[in-house]
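Here are some exercises to work through with the model open on your screen. Try each task yourself before you read its solution.

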Amino acid sequence: MENLTFNLSETPVSALNRYLHHEAPKGAARKILVTHPDGAHNIAVGLDCPVEVEIQGHAGYYAGGMNKHGKVVIKGSAGTGVGENMMSGVVHVRGFASNGAGASAHGGLLIIDGDAGLRCGISLKGGDIVVGGSVGSFSAFMAQAGRMVICGDAGDALGDSLYEAVLYVKGNIKSLGADARIEPLTEADIAAIAHLLQQAGLDHDPKDFKRVASKRELYHWNADANQEY
Amino acid sequence: MCGIVGLLVKKPALRERLGEMMVPMLIGMTERGPDSAGLAVFGAPVGEHERKISLYSGLMADGARFNWQDMARELGARLGVAARVAASGNHAILTTAIDAETVKRWLAEQYPGLFILSTGKSIDLYKDIGTPAEVANRYGFDKLKGTHLVGHTRMATESAVTPDRAHPFTAGEDFCLVHNGSLSNPYGIRRKLEPRGIHFETDNDTEAACRFLEWRLREGDTLEDALKKGFEELDGFYTFLMGTGDALALIRDPFACKPAVVAETDDYVAIASEFRSLAHLPDIENAHVFEPAPEEMYVWKI
């Protein structure tokens with residue numbers, strides 16, 4: 001078992017992904033190195049076994065999307081939809097991530113060392129996201145389950161129409177979305193933040209974070225609210 | 001979907017290689033925009049009293065067989081002015097020593113099918129239908145020299161696939177704009193501008209943004225003030241990249257649905273919709289790569 005390299009300047013992404021889907025589950029290689037990613041789309045999508053993929057450069061759209069059991073490390077930035085719809089495993093972006101990072105992830109852990117763009121964690125369904133930098137506007141929109149730890153700032157409308165996902169923010173929140181509110185940190189929150197930070201390799205005091213969760217006022221339609229929430 | 005590219009070189013030596021550096025950027029955006037492509041390149045300005053006009057004959061019956069030299073001779077004789085033309089196929093750059101409006105009026109009367117692509121002292125403009133590689137090849141984009149450029153690959157959504165609806169759009173002198181996205185109020189903008197005597201050439205939504213911003217600049221706004229008014233007036237999705245005689249400017253709408261990424265080194269600033277158009281650039285491994293934020297103005301001067 002040794003490392004296997006795919007040079008995307010010579011080999012198409014489809015060949016890499018075919019290997020990851022059909023050969024990697026047989027345990028042929030310990031670690032897959034992807035060189036010259038050069039912003040290609042769909043790198044290492046749909047992993048379904050505990051393989052490790054290291055992307056040595058900038059990835060395009062949907063890198064590590066639909067990941068199950070795998071570990072994808074991007075030594076560069078990631079385009080739109082990194083780790084989208086992840087089921088389990090880890091996707092780690094060493095640089096910044098564009099819009100829609102971790103959208104609708106059901107499980108697993110998405111780590112972004114730098115900033116994330118808009119709509120990070122939109123419709124999160126149970127996955128965990130740790131962002132070392134800041135997140136853009138409309139992050140965690142309609143997030144149903146899972147946790148987000150944001151070490152920097154959050155943009156406008158954080159957690160708009162939030163369900164049961166919980167967000168922890170260290171920096172400033174430009175504005176909260178409808179039905180999102182700041183709540184006191186519990187001991188369980190502090191333990192959860194500490195654990196997620198430790199997994200992400202980030203050093204912050206968990207007590208410095210604010211907890212954002214749903215007011216649950218949008219759960220039931222209220223005729224008296226006159227559409228104002 | 002559409003693709004945007006921009007390049008501004010900081011070192012005079014690189015001006016010779018501007019086109020050569022850009023062609024892979026444009027071709028890298030083929031998947032985002034396979035139906036048309038265009039490019040505005042800004043170089044050394046012509047003389048104080050001269051103007052350059054980029055012209056396109058592809059909408060006329062003669063097409064690439066159009067006799068540019070005869071046209072230039074006739075124009076020179078009738079208007080009593082020196083006129084020189086650098087032509088290749090259906091494209092030509094006409095340089096004259098009188099004001100552009102007189103030339104344009106004469107052209108509209110004598111050659112009503114001739115399409116005016118751009119006017120100014122330092123802008124040359126090319127656009128046509130075809131894949132980015134075909135268009136780049138047709139006009140020899142790799143040979144172009146200059147300080148900065150704005151390019152576009154189009155996947156039409158809001159108006160037909162024709163050369164005049166390809167980007168960049170221009171208005172006034174030495175100003176162009178390319179757009180990835182779609183505007184929801186182009187007709188509202190148009191109804192504001194037309195009563196002021198501003199004439200539209202197509203039904204394309206991007207033309208409304210281009211003419212709005214150029215109108216603000218002509219009214220005396222700085223580029224920053226014009227863009228600020230753009231944020232207030234233009235509704236829809238957009239990443240806009242604009243070129244002026246001495247700058248590139250980039251803005252994204254508040255929802256930032258349309259992508260953009262910037263790579264900057266000591267030698268150049270390169271802008272593209274996606275990183276895959278920047279990956280081939282020299283020293284890209286050491287470039288400062290970042291995603292421009294929504295509702296921010298980015299202006300790079302030559």
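**Exercise 1. Work out how well helix α1(B) is covered, and what covers it.**

Step 1. Eight of the eleven residues of α1(B) are buried, so the helix is mostly covered. Here a residue is buried if 20 or more other C-beta atoms lie within 10 Å of its own, exposed if 12 or fewer, and partly exposed in between, with C-beta atoms placed from the backbone. Helices (H or I, at least four residues) and strands (E, at least two) are DSSP runs, numbered from the N terminus.

Step 2. This is a predicted model, in which local features need pLDDT of at least 70, side-chain atom pairs count only at pLDDT 80 or more, and totals for chains, interfaces and linings use all residues. Residues are numbered from 1 along each chain as its sequence is written, while chains are lettered from A and ligands numbered from 1 in the order in which they are written.

Step 3. Now pick out the buried residues of α1(B): Leu18(B), Gly19(B), Met22(B), Val23(B), Met25(B), Leu26(B), Ile27(B) and Gly28(B). They pack against β1, β2, α4 (132-139), β8 and β14 of chain B. Two residues are in contact if their C-beta atoms, placed from the backbone, lie within 7 Å.

Step 4. For the direction, α1 (residues 18-28) of chain B lies across β1 (2-9), β2, β8 and β14 (268-272) of chain B and runs at about 160° to β1(B). Axes are lines fitted to C-alpha atoms, for helices over the stretch in contact, and angles run from 0 to 180 degrees between N-to-C directions.

**Exercise 2. Trace the seven-stranded sheet of chain B and place β2(B) in it.**

Step 1. The seven strands form an open, antiparallel sheet in the order β7-β2-β8-β1-β14-β13-β15 (chain B). Two strands pair if DSSP finds at least two bridges between them.

Step 2. At the edges stand β7 (123-129) and β15 (288-290) of chain B; each has a single partner strand, so one side of each lacks a neighbour in the sheet. From one strand to the next, the twist averages 10°.

Step 3. Turn to the partners of β2(B). Seven bridges link β2 (residues 36-42) of chain B to β8 (residues 148-154) of chain B, antiparallel; within this pair, Ser36(B) is opposite Arg154(B) and Ala37(B) is opposite Thr153(B). Seven bridges also join β2(B) to β7(B), again antiparallel, and there Val41(B) has Asp124(B) as its bridge partner.

Step 4. Finally, check burial. Seven of the seven residues of β2(B) are buried, so the rest of the structure largely encloses this strand. Ser36(B), Gly38(B), Ala40(B) and Phe42(B) cover one side, with Ala37(B), Leu39(B) and Val41(B) on the other.

**Exercise 3. Find the two domains of chain B, then look at strand β5(B).**

Step 1. Domain 1 spans 2-45 + 132-301 and domain 2 spans 48-121 in chain B; these bounds come from an automatic or database domain assignment. Taken over C-alpha atoms, the centres of the two domains of chain B are separated by 25 Å.

Step 2. Eleven residues of domain 1 of chain B contact 13 residues of domain 2 of chain B. The domain 1 side of that contact has five nonpolar, two polar and four charged residues. Ala, Val, Leu, Ile, Met, Phe, Trp, Tyr, Cys and Pro count as nonpolar, Asp, Glu, Lys and Arg as charged, and the others, Gly among them, as polar.

Step 3. Five of the six residues of β5 (residues 91-96) of chain B are buried, so this strand is largely enclosed by the rest of the structure. Six bridges pair β5(B) with β3 (residues 51-56) of chain B, antiparallel, with Arg51(B) opposite Thr96(B).

Step 4. Six bridges also pair β5(B) with β4 (residues 83-88) of chain B, antiparallel, and Ala86(B) faces Ile93(B). β4(B) and β5(B) form a hairpin with two residues between them, where Gly89(B) in the turn has a positive phi of about 60°.

**Exercise 4. Decide whether Ala140(A) is buried or exposed.**

Step 1. Locate Ala140(A) in the loop between β7 (125-131) and β8 (145-150) of chain A.

Step 2. Ala140(A) has 33 C-beta neighbours inside 10 Å, so it counts as buried. Among the residues it touches are Leu124(A), Met148(A) and Leu158(A).

Methods
Lists of a residue's contacts leave out its neighbours within four places in sequence.
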